[in-house]
Amino acid sequence: MPFRHTDKGWFWGSKGPFASKAKAIQVARAAYASGYKEESMDKSIIGEFIGTLLHSATITHFMHLRTRSYAAHVALGDYYDEIVELTDTVAESIQGCYGELIEDYPTSFGNTGAEPLAYLVSLKTFVENARAKMPQDSNIQNEIDNIVTLMDSTIYKLKFLA
């Protein structure tokens with residue numbers, strides 16, 4: 001559950017108010033230590049999220065090989081080199097945090113013929129929409145931030161340098 005601050009204090013989901021964020025975090029950690037599992041987490045999105053990002057490495061690799069732009073070639077190469085490791089970190093963090101393997105991955109993927117900039121923009125939109133349904137643990141969300149940062153950097157390079 002996400003942490004939020006209001007004029008009444010800090011909340012962990014619907015729990016609170018707490019006088020400080022540290023207290024809200026302490027309550028959340030105690031709940032998880034006691035076996036609490038987030039019921040609002042949409043488990044079906046996790047496999048789709050991980051699978052889509054891992055597959056994006058293959059799609060961007062194809063784009064990297066097809067482009068006639070050196071800047072796009074380099075930008076896409078950087079993306080597909082980094083996205084697998086970043087995505088792997090998210091998957092392993094979720095599995096370690098929740099003690100369950102991710103087993104529900106998509107069986108097919110689409111659009112290998114898209115224009116690179118449009119593809120990356122749509123992929124970033126997917127990540128931004130899906131992240132709200134992903135585990136809200138700060139370490140996992142921070143890793144997703146790293147993925148968004150890679151996407152933003154690649155979008156910049158494709159938009160202004162290619």
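The exercises below, each with a worked solution, concern a predicted model of one protein chain.

**Exercise 1. Describe the overall make-up of the chain: its secondary structure, its extent and its surface.**

Step 1. Take the secondary structure. The chain has five helices and three strands. Read from the N terminus, the order of elements is β-β-β-α-α-α-α-α.

Step 2. Take the extent. Along the principal axes, a box of roughly 55 × 35 × 20 Å holds the C-alpha atoms.

Step 3. Take burial and surface. The chain has 162 residues, and 39% of them count as buried. Its accessible surface is about 9,200 Å², with 52% belonging to carbon and sulfur atoms.

Step 4. Take the contacts. Among those between residues at least 6 apart in sequence, 69% join residues at least 24 apart.

**Exercise 2. Identify the largest nonpolar core and state which helices supply it.**

Step 1. Count the members. The largest nonpolar core has 36 residues. Phe-49, Val-90, Ile-94, Leu-120, Val-127, Met-134 and Met-151 have the most contacts inside this core.

Step 2. Assign the core to helices. At least two core residues come from each of helix H2 (43–66), helix H3 (70–98), helix H4 (116–130) and H5. The greatest contribution is that of H3, with eleven residues.

Step 3. Follow one member. Leaving out residues up to four places away in sequence, Phe-49 touches Val-90, Phe-126, Val-127, Ala-130, Met-134 and Ile-144.

Step 4. Set this against the general pattern. Nonpolar side chains tend to be buried together in soluble globular proteins.

**Exercise 3. Determine whether Thr-87 is buried or exposed, and list its contacts.**

Step 1. Locate the residue. Thr-87 is in helix H3.

Step 2. Apply the cut-off. A residue is buried when its relative accessible area is under 20%. The value for Thr-87 is 0%, so Thr-87 is buried.

Step 3. List the contacts. With residues up to four places away in sequence not counted, Thr-87 touches Ile-50, Leu-53, Leu-54 and Ile-147.

**Exercise 4. Trace the salt-bridge network that contains Lys-124, and describe the bridge between Asp-145 and Arg-131.**

Step 1. Start from the total. The model has four salt bridges.

Step 2. Take the pair within one helix. Glu-128 and Lys-124 form a salt bridge in which the closest N and O atoms are 3.6 Å apart. The two residues are four apart in helix H4, so about one helical turn separates them.

Step 3. Take the second partner of Lys-124. Lys-124 and Asp-152 also meet through their side chains in a salt bridge, at 2.5 Å from N to O. Because Lys-124 lies in helix H4 and Asp-152 in helix H5, this pair ties together parts 28 residues apart in sequence.

Step 4. Join the two bridges. Lys-124, Glu-128 and Asp-152 are linked in a network.

Step 5. Compare accessibility. Lys-124 is buried, at 19% relative accessible area. Glu-128 is partly exposed at 40%, and Asp-152 is partly exposed at 34%.

Step 6. Turn to the other bridge. The side chains of Asp-145 and Arg-131 meet at 2.8 Å, N to O. Asp-145 is in helix H5 and Arg-131 is in the loop between H4 and H5, so the pair, 14 residues apart, links distant parts of the chain. Arg-131 counts as buried at 17% relative accessibility, whereas Asp-145 counts as partly exposed at 34%.

**Exercise 5. Classify the ring pair Tyr-156 and Phe-160, and describe the surface patch to which these residues belong.**

Step 1. Place the pair. Tyr-156 is found in helix H5 (residues 138–160). Tyr-156 and Phe-160 are four residues apart in this helix, which means a separation of about one helical turn.

Step 2. Classify the geometry. There are two aromatic pairs in the model. In the pair of Tyr-156 and Phe-160, the ring centres are 5.8 Å apart and the planes are at 40 degrees, so the pair is tilted.

Step 3. Check accessibility. Phe-160 counts as exposed at 58% relative accessibility, while Tyr-156 counts as partly exposed at 42%.

Step 4. Extend to the patch. Together with Leu-161, Tyr-156 and Phe-160 form a nonpolar patch on the surface with about 350 Å² of accessible area.

**Exercise 6. Describe the peptide bond between Gly-16 and Pro-17.**

Step 1. Place the proline. Pro-17 is in strand E3 (residues 15–18).

Step 2. Read the geometry. The bond joining Gly-16 and Pro-17 is cis, with omega of about 10 degrees.

Step 3. Recall the general case. Most peptide bonds are trans.

Conventions:
Residues are numbered from 1 along each chain as its sequence is written. This is a predicted model: local features need pLDDT of at least 70, side-chain atom pairs count only at pLDDT 80 or more; totals for chains, interfaces and linings use all residues. Side-chain values use heavy atoms; hydrogens and water are left out. Patches are made of residues with over 30% relative accessible area and no salt bridge: like charges are joined within 9 Å, nonpolar side chains (Val, Leu, Ile, Met, Phe, Trp, Tyr) within 5 Å. Accessible areas come from the Shrake-Rupley method with a 1.4 Å probe; for residues, only the protein chains shown count as cover. A nonpolar core is a set of buried Ala, Val, Leu, Ile, Met, Phe, Trp, Tyr and Cys residues joined through side-chain atoms within 4.5 Å. Buried means under 20% relative accessible area, exposed over 50%, partly exposed in between (1.4 Å probe, protein chains only). Contact means heavy atoms within 4.5 Å. Rings of Phe, Tyr and Trp (its six-membered ring) pair if their centres lie within 6.5 Å; planes under 30 degrees apart count as stacked, over 60 as edge-to-face and the rest as tilted.
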